[in-house]
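Reader: Before I plan any work at the bench, I would like a careful look at a single loop residue and what surrounds it. Could you then go on, in one connected account, to the links and packing found elsewhere in the chain?

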Amino acid sequence: MEAAEAASDWRNMNRHTAGAVAGAAALLIALTGCTPADSDAASAEEQSPLEAYLAAAWGGDLSEEEQTARLEKENAEREELVATCMTEEGFEYIPATYSGGVSYDAGGYEPDSREWVAQYGYGMINYPGQDEPVEPGEEWVDPNQDYVASLSESEMNAYYEALYGPTPTEEEMGDDGAYEWDWTQSGCHGWAQHEMEGDNPFTADEHQPLMDAMNEFYMSISQAPELAELDAEWAACMDENGYPGFTAQSDASNSISDELNAHWESVTEYVENDPVLDELGEREIELALVDLDCREKTEYRAESRRVTAVLEEQFIEDHKAELDAFKAAAEQANR
């Protein structure tokens, strides 16, 4: 790859990831199985104890409009910091603002509805709305594009290095292409993100032990004896119905996901009405229906939520002081 192409790829990657470090909150939300939008729509009965306990902390008590407004405000503040930094570096920079936000609609995802599963399986190959035309949104225009275009090649490279940091070397990227983000090496965007995180309880040093404990808790929760027994009952049911080899309920959907990923990795060109996908989609539905039968037979969802609730209540009791301090800090930061 030529140096110019590598630099261009690095700039493009940074455009998508500059600010991704704030994803610590998103990671924890994902681990709890809820999103701010979900917790806003869900009833208190549907939330787990820890979800309900921390709902306000990660914005679960905000409406979609309020969440969008908060994200836009944070972006505006971040961009003002970037502009200040770029000016100090000797460049012009107009803060890039966004409006409208982006929301994800699961399109009526109903994994416990037999009618839905019979049509979509796990929703991997076929899913609601897949054949509906995508309405083009308003194209975002970089307010700095004219200024950047006026720069010489060397000035442009210096501009992007000031904005995003230097392009990492092959050694820094690693053999697998992984790159550990470092704000000190990520230009004005990295500095601005670091400044924004100064008051972010999700990344504050004082709350890091709690964040680590929460991540470890959710990573290990599937190993709870009660859930292991539940998975064993489910697996026995799957075995009886012609699907041996699974040990945990998530193995079923993961097996389809693994096959799908392997297929996409082997594809070299687009194939319309791909027969491989058609065949995999049929098997996905067959497997998902048996999975649903076994979940219903073992009362998997209700029992797993009950066990998770007990474990979360114990976690809350064990970490009450730390959780209260984090919750207060997060609610203050969200105001």
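Author: Two residues are said to be in contact, or to touch, when heavy atoms of theirs lie within 4.5 Å. What follows describes a predicted model, and the loop residue chosen for the close look is Gly123.

Gly123 sits in the loop that runs between helix α6, residues 114–120, and helix α7, residues 145–149. Is this glycine buried, exposed or partly exposed? Its relative accessibility is 22%, and because the label "buried" is kept for values under 20%, Gly123 counts as partly exposed. Setting aside residues up to four places away in sequence, Gly123 touches Trp116 and Glu284. Of these, Trp116 falls within the residue range of α6, whereas Glu284 falls within that of α14, which spans residues 275–298. A further distance helps to place the loop: the C-alpha atom of Gly123 is separated by 9.3 Å from that of Glu110, a residue 13 positions away along the chain.

The contact with Glu284 leads to α14, and α14 also carries one end of a disulfide, since Cys294 lies in α14 and its partner Cys237 lies in α12, residues 225–240. The sulfur atoms of Cys237 and Cys294 are 2.1 Å apart, and the torsion about their S-S bond is about -80°, so this disulfide is left-handed. The pair ties together parts of the chain that are 57 residues apart in sequence, and both Cys237 and Cys294 are buried.

A search of the whole structure finds two disulfides. Besides the link just described there is that of Cys85 and Cys188, with sulfur atoms 2.1 Å apart. Here Cys85 belongs to α5, residues 64–88, and Cys188 to α10, residues 187–196, so that distant parts of the chain, 103 residues apart, are linked. The torsion about the S-S bond of Cys85 and Cys188 is -75°, a left-handed value. Cys85 has a relative accessibility of 10% and counts as buried, and Cys188 is buried as well, with a relative accessible area of 1%. If the bonded cysteines are numbered in sequence order, the pairing reads 1-2, 3-4.

Cys188 also takes part in a helix contact, and there α8, residues 153–164, packs with α10 at an angle of about 15°, the axes being 2 Å apart. The two helices α8 and α10 are therefore roughly parallel to each other. From α8 the residues Glu161, Ala162, Leu163 and Tyr164 take part, and they meet Gly187, Cys188 and His189 of α10. By class, this contact holds four nonpolar, two polar and one charged residues.

The helix α12, which holds Cys237, packs in turn with α15, residues 300–318, at an angle of about 170° and with the axes 10 Å apart. The helices α12 and α15 are therefore roughly antiparallel to each other. On the α12 side are Glu226, Leu227, Leu230, Asp231 and Trp234, which meet Tyr300, Glu303, Ser304 and Val307 on the α15 side. The residues of this contact divide into five nonpolar, one polar and three charged.

Other loop residues can be set beside the glycine of the request. Asn273, in the loop between α13, residues 250–266, and α14, has a positive phi of about 55° although it is not a glycine, and with a relative accessibility of 63% it counts as exposed. Glu299, in the loop between α14 and α15, likewise has a positive phi of about 55° without being a glycine, and at 56% relative accessibility it counts as exposed. His207 lies in the loop between α10 and α11, the latter covering residues 208–220, and with a relative accessibility of 6% it counts as buried. Leaving out residues up to four places away in sequence, His207 touches Pro201, Ala325, Phe326 and Ala329.

As for the chain as a whole, the model has 16 helices and zero strands. Of its 335 residues, 34% are buried, and the chain exposes about 20500 Å², of which carbon and sulfur atoms supply 50%. Among contacts with a separation of 6 or more, 71% join residues 24 or more positions apart.

Terms used
Residues are numbered from 1 along each chain as its sequence is written. This is a predicted model: local features need pLDDT of at least 70, side-chain atom pairs count only at pLDDT 80 or more; totals for chains, interfaces and linings use all residues. Side-chain values use heavy atoms; hydrogens and water are left out. Helices (H or I, at least four residues) and strands (E, at least two) are DSSP runs, numbered from the N terminus. Buried means under 20% relative accessible area, exposed over 50%, partly exposed in between (1.4 Å probe, protein chains only). Accessible areas come from the Shrake-Rupley method with a 1.4 Å probe; for residues, only the protein chains shown count as cover. A disulfide is a pair of cysteine sulfur atoms within 2.5 Å. Axes are lines fitted to C-alpha atoms, for helices over the stretch in contact, and angles run from 0 to 180 degrees between N-to-C directions. Angles under 35 degrees count as roughly parallel, over 145 as roughly antiparallel, 65 to 115 as roughly perpendicular and the rest as oblique. Ala, Val, Leu, Ile, Met, Phe, Trp, Tyr, Cys and Pro count as nonpolar, Asp, Glu, Lys and Arg as charged, and the others, Gly among them, as polar.
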